[in-house]
Amino acid sequence: MTRDERTVDVLIVGAGPAGLGAGAELAASGAGRVEILERELDAGGVPRHCRHGGFGRRPRGGETGDEYARRCVAAAVRAGATLRTGVTVTGWAENAPADGAHTLEITGPAGLERITARAVVLATGARERPRSARLVPGGRPSGVYTTGELQQAVHLYRQPVGTRAVVIGNEAVGHAAADTLRTAGAEVVAMVTDQPPSPAAALLRPRGRFPLLTRATVTGLTGRTALTGVTLRHEDGRTTTLRCDTVVFTGDFVPDHELARRAGLTLDRGTRGPAYDAEYRTSLPGVFAVGNLLHAVEKARVASAEGRAAAAPVLRHLAGGPPPAPRPVALAVDAPLLWIAPNRTGPAGARPLRGRFVLRTARRLERPVLVVSQDGRELDRQRLLLPAVPGRAFHLGAGWLGRVDPRGSTVRITAV
Ligand SMILES: Cc1cc2nc3c(=O)[nH]c(=O)nc-3n(C[C@H](O)[C@H](O)[C@H](O)COP(=O)(O)OP(=O)(O)OC[C@H]3O[C@@H](n4cnc5c(N)ncnc54)[C@H](O)[C@@H]3O)c2cc1C
């Protein structure tokens with residue numbers, strides 16, 4: 001089969017806020033031919049189908065997702081990046097060029113292509129784990145969504161949803177799902193979480209609009225062709241079924257790491273995205289990664305800022321690269337902490353975005369002390385001023401990086 005073969009300077013995979021941010025900055029900085037590929041027919045990533053406010057620089061109010069997406073697209077195009085949509089990167093060519101460039105396999109309306117790039121930026125984002133990945137038993141009735149699927153159905157395709165809905169998960173994204181359901185004319189009969197009640201959840205919950213069922217686990221879906229209910233097991237062992245025709249599984253994001261995996265990039269055990277350092281370098285020289293692919297899920301402005309921040313290291317790579325990097329040291333967390341990002345040390349002096357690492361926890365911790373250690377040696381301890389809660393980022397200052405022994409083993413972060 002014939003393939004169109006081309007060469008560019010930087011190839012960016014994914015036109016969400018992260019890829020568009022990287023494209024805008026790189027094109028404006030004279031990186032040469034910068035091409036952004038997006039598999040959807042429209043660029044903008046997840047914000048494209050978010051009609052709620054909370055995007056951009058002013059998180060309260062501010063722009064809606066679709067306004068924000070349009071602004072990101074315009075900035076990348078204005079800076080001179082080539083943006084192509086309806087084009088999917090399917091893999092990496094087997095015979096990579098000897099000069100350290102990378103060749104990607106692409107399929108689009110014009111057929112198959114092979115593009116060789118001196119640097120590749122992966123910005124493929126994250127996806128919510130659907131019902132199947134959560135191993136929820138039952139038939140395969142209609143009316144079962146993730147938040148992204150629901151938003152696309154309602155906001156992009158104007159499809160009808162049901163009349164009585166249950167939302168699984170009570171993070172911010174679950175509340176976005178509840179808003180979308182109400183916009184579509186459905187009643188939210190309950191929001192369900194396996195977490196205990198928390199003051200933060202009470203603040204998030206729109207007053208008195210629907211009950212929040214805490215410490216409850218979904219054990220099955222009922223209904224053969226159309227959904228009729230969601231079965232729950234409560235902490236005390238009781239089982240109940242909520243009658244509904246729509247259920248939305250929210251949150252529980254995983255990085256969209258298929259392409260990274262195919263390249264054989266080292267993945268981080270905690271984030272499940274590519275392991276990376278403060279310069280957004282993955283384990284493969286010349287391949288960078290940005291946005292929610294690295295840490296599902298942060299705010300869109302964080303993803304965009306990372307894309308823009310990755311431009312400087314990409315430019316250094318294009319210019320011949322820094323001197324060979326010392327062996328990176330892995331960073332890892334102990335339970336109940338889930339992950340830390342970045343999760344590798346970088347070249348000397350490289351600090352993560354805003355001088356801090358991002359972390360997540362599996363359960364609520366009241367103002368924990370985060371202890372950083374390596375080979376039994378304590379490097380730092382920092383007390384958080386606020387509780388750490390599941391589903392929300394908290395941070396660890398990077399001031400201790402200079403104390404890491406580059407020949408030592410993994411740096412561990414423990415909450416005490
Ligand atoms: C329901 C919901 C509500 C949210 N609400 C807010 C909010 O109020 N405020 C806020 O700041 N953030 C919000 N977020 C988070 C925000 O959407 C993300 O932080 C942001 O979209 C991450 O940007 P990204 O570029 O990393 O990934 P994405 O936006 O996911 O973009 C990745 C892009 O890569 C493309 N892609 C993937 N693989 C390929 C491939 N192989 N070839 C070509 N293209 C590919 C995808 O199609 C996608 O367009 C919300 C997220 C969700 C799901």
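Me: Which atoms of Arg39 and the ligand should I look at, and how far apart are they?
Reply: Start with the idea of a polar contact: a pair of N or O atoms within 3.5 Å (within protein, one must be able to donate a hydrogen and the other to accept it, and residues adjacent in sequence count only if both atoms are side-chain atoms). Here a backbone N or O atom of Arg39 sits 3.1 Å from a nitrogen atom of the ligand. Val46 has a backbone N or O atom 2.9 Å from an oxygen atom of the ligand, and for Ala300 the distance from such a backbone atom to a ligand oxygen is 2.9 Å. One caution: this is a predicted model, where local features need pLDDT of at least 70, side-chain atom pairs count only at pLDDT 80 or more, and totals for chains, interfaces and linings use all residues. Residues are numbered from 1 along each chain as its sequence is written, and side-chain values use heavy atoms, with hydrogens and water left out.

Me: How much of the ligand's accessible area does the protein cover?
Reply: Accessible areas come from the Shrake-Rupley method with a 1.4 Å probe; for residues, only the protein chains shown count as cover. On its own the ligand has 1,000 Å² of accessible area, and the protein covers 93% of that.

Me: How many residues surround the ligand, and which are the closest?
Reply: A residue counts as near if one of its heavy atoms lies within 4 Å of the molecule. The ligand has 34 residues around it, the closest being Glu38, Val46, Asn292, Glu298 and Ala300. By type, the shell splits into 16 nonpolar, 13 polar and 5 charged residues. For that split, Ala, Val, Leu, Ile, Met, Phe, Trp, Tyr, Cys and Pro are nonpolar, Asp, Glu, Lys and Arg are charged, and the others, Gly among them, are polar.

Me: How do I read a sheet, say the one with E19, E20 and E23?
Reply: Strands of a sheet pair through backbone hydrogen bonds, either parallel or antiparallel. Helices (H or I, at least four residues) and strands (E, at least two) are DSSP runs, numbered from the N terminus, and two strands pair if DSSP finds at least two bridges between them. This open sheet of 3 strands has the order E19-E20-E23, with antiparallel pairing. E19 and E23 are the edge strands, each pairing on one side only. Strand E19 (residues 337-341) joins E20 through 4 bridges, and Trp339 has Arg360 as its partner in E20. Another 4 bridges link E20 to strand E23 (residues 394-397), where Val358 is partnered by His395.

Me: Is strand E20 mostly covered or mostly open?
Reply: Buried means under 20% relative accessible area, exposed over 50%, and partly exposed in between (1.4 Å probe, protein chains only). Strand E20 (residues 356-361) is mostly covered, with 5 of its 6 residues buried.

Me: Where are the cis peptide bonds of Val297 and Pro342?
Reply: Look at the loops. Val297 is in the loop between strand E17 (287-289) and H7, and a cis bond with omega about -5° joins Ala296 to Val297. Pro342 lies in the loop between E19 and E20; the peptide bond from Ala341 to Pro342 is cis, with omega near -10°.

Me: What is the phi of Arg158, and what is that of Tyr280?
Reply: Arg158 has a positive phi of about 55° although it is not a glycine, and Tyr280, also not a glycine, has a phi near 65°. Arg158 counts as exposed because its relative accessibility is 64%, while Tyr280, at 4%, counts as buried.
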